[in-house]
Amino acid sequence: MSSKKTFLLLTVFAAILFGGPHLGFQDNLAQGDHGRDLYTFEQVLHGKLIYKDIWWVYGPLMPYYYGLFYLIFGFKITSILLGKFILNILGGVFFYLAAGVLMPASWAFLASYYFLQTQQDFFFTYNHIGALTLTLAVFWLLLRYIDEKKLRLGFWALACCFIIGLIKINFGITALMVTLLGIATSDMTKKKSFYVCGILMVPVLWLALYGFLLKDLTSYEVHQCLAYFGDDQPHHRTPWETIPYYLMQHWLTFDHHWLNLKNLIPPLLRRPSVFLNPLVLWISVVVILNFLTHPIIHGSTVAGFVLSFSKKFNEHRRKFWLAQMILWSFFVLNFHEFVVSGVWYRTFWSMPFGLFFSFLMISTAVAFAPRWLRYTIGGIWIGLLTIWTIIAFVVLKNSCTPDKFLNMPRGQIYVGNEKAWVNTVNTVTAYLNQNLQKDELFFALPYDCLYYYLTARPSPTRQLIFFDHIKIPPQQEISVIRELEKNKVNYILVSNRIASHEIGLGVFGKTYCPLLYQYILQNFRPIYHYGGNWQAEPGWANNHGVIIFKRSLVTKNPEHDSGLRFSDTYVP
């Protein structure tokens, strides 16, 4: 077996080793974002259409992908985690294959394992991993094209771009742009059929499919589903703010590792005997290895660029710079969401390419280094990855405690949320299951779709989210009220996120949905409350409290009602 195949199998093994234990654990589960995903994945199996029948903010493909796992493995969160786990493995494989085009197989393996361990997860949705995995596939195909010049690789890249556009349209467009640029610069020969397909067919197919799915929606519903226009997004920043912020965060990371080392050395020199403590020894090794990685990365970057201009590098120069062009095209274009918002997790689309660049420069530099230096640098990375793997297992084991377990049949996983959040979700779900009649629906707001999934009940309304930044007009409020009446909804679940200072959320009844607020106030009364500190800021996946309302037999006049006021902080 060749070394490339051996290290490919090791990459798959590493992905399974590192990701397998997480099949029964999720670091943080949000009642809103994850609840929306879990609920939507089920509803498409019941024949509901994305956008038309269910509010959804991404491309239409991934609900059907994850729905297949529900169909095969049952309606459990572990089924979705399995679907995500498979995509994580594929992401590691494509990263390895791309690295293997430019690096020795051993360094490609180290790079892919490092990617599997350090790539920031899109913690708020199961959707994006599909697009990122296929983006890495496109990257691999373009790097292969530099060497092989086989047009079928370009067509496979276009197919991947099209699918990415059905997961997250803006990143489908960026992948398509890099694909066209990469093929054009790698081979200047005429490829009319390829460019017709890339410039015309792929965009036309996107327009046709999205047009079909969105054709029955109003303009405000389209904006709510595909928030790419004007002020649809709550976060707005200029590049002059976001780029310096990004660079500062990287400098602070480097400075942080130096400070850790600086603070560690003097006490150890004064009392070397503390090394006998296993915990101190463990922490010391981690700090030293973390610090050493940075001079290796930055030193290799400088050395790699210097070498790329030397005579020794002549036969590799064209391939090296074409790869750099494709690499940085992906990095820069995938940076667009962060540049206009300043939201840190939107840098995750670019991070794999920054990481790839680091290992490309290391492998380039060490190729001309003495054997002892190659082994030393390789040993540092192997040591660091081994320690991180052990730490990950220890942390995971300590996180899987009985008070972090979702005990309902559709839960059955451990979560990293605070204990109070878990207790609230378990208790409220049990209450709903005990008090609702068979097939009886309830309404959850402002954004608590998790309870629809956990109780196996569809939402009585198409709209699943009610916040300030969603910009729900009066006619949509009236439509929601009609849906509640049509479906004879007698119970409404309200979480403490109805009043939040977080950007874009607002206060129910005051900054958004005044008609719906009045409707609930006139027709429902609170009967049950559980969890949460209602005087503190509510959390995305923490400080979660719930009030359940039941329909009143007598309609109240809100002007004379002295009961609940949504617009004030309500303490049950």
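**Notes on a predicted model: helices, aromatic pairs and salt bridges**

1. Phe73 is found in helix α3, which covers residues 62-73, and this residue is a convenient place to begin reading what is a predicted model. With a relative accessible area of 40%, Phe73 counts as partly exposed, because the buried class ends at 20% and the exposed class begins over 50%. Phe73 belongs to a nonpolar patch on the surface together with Leu45, Leu68, Leu71 and Ile72, and the five residues have about 480 Å² of accessible area together. Phe73 is also a member of one aromatic cluster, whose other members are Phe41, Trp56, Tyr58, Tyr65, Tyr66, Phe69 and Tyr126.

2. For the overall layout, the protein chain contains 20 helices and eight strands. Of its 572 residues, 53% are buried, and the accessible surface of the chain amounts to about 25,800 Å², with 66% of it belonging to carbon and sulfur atoms. Among the contacts with a separation of 6 or more, 71% are between residues that stand 24 or more positions apart in the chain. The pairs described below give individual examples of links between parts of the chain.

3. The structure has 52 aromatic pairs. One of them joins Trp55 and Tyr447 in an edge-to-face arrangement, with 5.9 Å from centre to centre and 80 degrees between the planes. Trp55 sits in the loop between α2 (33-43) and α3, while Tyr447 sits in the loop between β3 (442-445) and α18 (450-454), so that this pair ties together parts of the chain that are 392 residues apart in sequence. Trp55 and Tyr447 are both buried.

4. A second aromatic pair, formed by Phe123 and Tyr345, is likewise edge-to-face, with 5.7 Å between the centres and 90 degrees between the planes. Here Phe123 comes from the loop between α5 (105-118) and α6 (128-148), and Tyr345 from the loop between α14 (336-339) and α15 (351-366), so the pair ties together parts that are 222 residues apart in sequence. Are these two rings buried or partly exposed? Phe123 is partly exposed at a relative accessible area of 37%, and Tyr345 is also classed as partly exposed, at 25% relative accessibility.

5. The count of salt bridges comes to 15. In one of them the side chains of Arg410 and Glu42 meet at 2.7 Å, N to O. This pair links distant parts of the chain, since Arg410 lies in the loop between α16 (371-399) and β2 (414-415) and Glu42 lies in helix α2, 368 residues apart. Arg410 and Glu42 are both buried.

6. Another salt bridge is formed by Asp147 and Lys319, with the closest N and O atoms 2.7 Å apart. Asp147 is part of helix α6 and Lys319 is part of helix α13 (residues 314-333), so the bridge ties together parts that are 172 residues apart in sequence. Asp147 is partly exposed at 46% relative accessibility, and Lys319 is partly exposed as well, with a relative accessible area of 23%.

7. Glu337 and Lys168 also form a salt bridge, with 2.7 Å between the closest N and O atoms. Because Glu337 lies in helix α14 and Lys168 in the loop between α7 (151-165) and α8 (169-186), the pair ties together parts that are 169 residues apart in sequence. Glu337 counts as buried at 12% relative accessibility, and Lys168 counts as buried at 5%. Elsewhere, salt bridges that share partners join Asp33, Arg36 and Asp37 into one network.

8. Two further residues deserve a brief comment. Thr364 has its place in helix α15 and is buried, with a relative accessible area of 9%. A polar atom of the Thr364 side chain lies 2.7 Å from the backbone oxygen of Leu360. Tyr517, in turn, is found in helix α20 (residues 514-523), and at 8% relative accessibility Tyr517 counts as buried. Where does Tyr517 stand with respect to Glu477? Along the chain the two are 40 residues apart, and their C-alpha atoms are separated by 9.5 Å.

How values were computed:
Residues numbered from 1 in each chain as written. Predicted model: local features only at pLDDT ≥ 70, side-chain atom pairs only at ≥ 80, totals over all residues. Heavy atoms only, no water. Helix = DSSP H or I, 4+ residues; strand = E, 2+ residues; numbered from the N terminus. Buried < 20%, exposed > 50% of the residue type's maximum accessible area, 1.4 Å probe, protein only. Patch = residues over 30% accessible without salt bridge, like charges linked within 9 Å, V, L, I, M, F, W, Y side chains within 5 Å. Areas by Shrake-Rupley, 256 points an atom, 1.4 Å probe, with all protein chains shown as cover. Salt bridge = Lys/Arg side-chain N within 4 Å of Asp/Glu carboxyl O. Phe/Tyr/Trp six-rings, centres within 6.5 Å; stacked < 30°, edge-to-face > 60°. Polar contact = N/O pair within 3.5 Å; in protein donor to acceptor, adjacent residues only side chain to side chain. Contact = heavy atoms within 4.5 Å.
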